[in-house]
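Work through the exercises below with the structure in view. Try each task before reading its solution.

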Amino acid sequence: MKSIGLIEVSGVTAAIDCLDIMCKSADVEFVTWERKLGGRLVTVVVEGQVSAVTAAVDNAVANAIKRPVSHAVIASPHEEVQRLLALSASRMKKKEGTK
């Protein structure tokens, strides 16, 4: 069963640090990220098995260079949540393609 993990943190550097910790600590894959307020709040999303995502998020929350503003693990996300994440990921890929 796939699940998603989200961590919202202040700043791009801290978000990249959280993503690095999550990917190194468990078998999870980066899905997308969202930057709001000019990059002052960044949400990083990963996916994987429930236990791996939980371990990754918990480890990032405990060891991040900045304390996350918020975090969550959603086991078996609803199809509308999956659609929202796919839209976010497609916008990210579109931006990468224009550079």
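Buried means under 20% relative accessible area, exposed means over 50%, and partly exposed lies in between. Keep in mind that this is a predicted model.

**Exercise 1. Place Ser3 and decide whether Ser3 is buried or exposed.**

Step 1. Find the element. Ser3 lies in strand S1, which spans residues 2–10.

Step 2. Apply the cut-off. Ser3 has 1% relative accessibility, so Ser3 counts as buried.

Step 3. List the contacts, leaving aside neighbours within four places in sequence. Ser3 touches Val46, Glu47, Gly48, Gln49, Val50 and Val53. Ser3 is also in contact with Ile74, Ala75, Ser76 and Pro77.

**Exercise 2. Do the same for Trp33.**

Step 1. Trp33 is found in strand S2.

Step 2. The relative accessibility of Trp33 is 25%, so Trp33 counts as partly exposed.

Step 3. Again leave aside neighbours within four places in sequence. The contacts of Trp33 are Val12, Val42, Thr43, Val44, Ser88 and Met92.

Step 4. Check a distance. Trp33 and Val81 are 48 residues apart in sequence. In space they are 14 Å apart, C-alpha to C-alpha.

**Exercise 3. Describe the largest nonpolar core: which residues touch the most other members?**

Step 1. Start with the general trend. In soluble globular proteins, nonpolar side chains tend to be buried together.

Step 2. Pick out the best-connected members. The core has 19 residues, and Ile7, Met22, Val28, Val44 and Ala60 touch the most other members.

Step 3. Trace the elements. S1, helix H1 (12–25), strand S3 (41–49) and helix H2 (50–63) each give two or more residues to this core. H1 gives the most, with six residues.

Step 4. Look at one member, Val28. Beyond its neighbours within four places in sequence, Val28 is in contact with Met22, Cys23, Val46, Glu47, Ala52, Val53 and Ala56.

**Exercise 4. Describe the second largest pocket: what is its volume, and which residues lie nearest its centre?**

Step 1. Give the volume. The second largest pocket has about 180 Å³.

Step 2. Go to the lining. It has 13 residues, and Leu6, Glu34, Val45, Leu84 and Leu85 lie nearest the centre of the pocket.

Step 3. Assign the lining to elements. S1, strand S2 (28–36), S3 and helix H3 (79–97) each supply at least two residues. The largest share, six residues, comes from H3.

Step 4. Sort the lining by class. Eight residues are nonpolar, three are polar and two are charged.

Notes. Residues are numbered from 1 along each chain as its sequence is written. This is a predicted model: local features need pLDDT of at least 70, side-chain atom pairs count only at pLDDT 80 or more; totals for chains, interfaces and linings use all residues. Side-chain values use heavy atoms; hydrogens and water are left out. Helices (H or I, at least four residues) and strands (E, at least two) are DSSP runs, numbered from the N terminus. Buried means under 20% relative accessible area, exposed over 50%, partly exposed in between (1.4 Å probe, protein chains only). Contact means heavy atoms within 4.5 Å. A nonpolar core is a set of buried Ala, Val, Leu, Ile, Met, Phe, Trp, Tyr and Cys residues joined through side-chain atoms within 4.5 Å. On a 1 Å grid over the protein atoms alone, a cavity is a set of points where a 1.4 Å probe fits but cannot get out, and a pocket is an open set with protein on both sides within 12 Å along at least five of seven lines; lining residues have an atom within 4 Å of a point. Grid points are joined across faces, edges and corners, and a volume is the space filled by probe spheres set on the points. Ala, Val, Leu, Ile, Met, Phe, Trp, Tyr, Cys and Pro count as nonpolar, Asp, Glu, Lys and Arg as charged, and the others, Gly among them, as polar.
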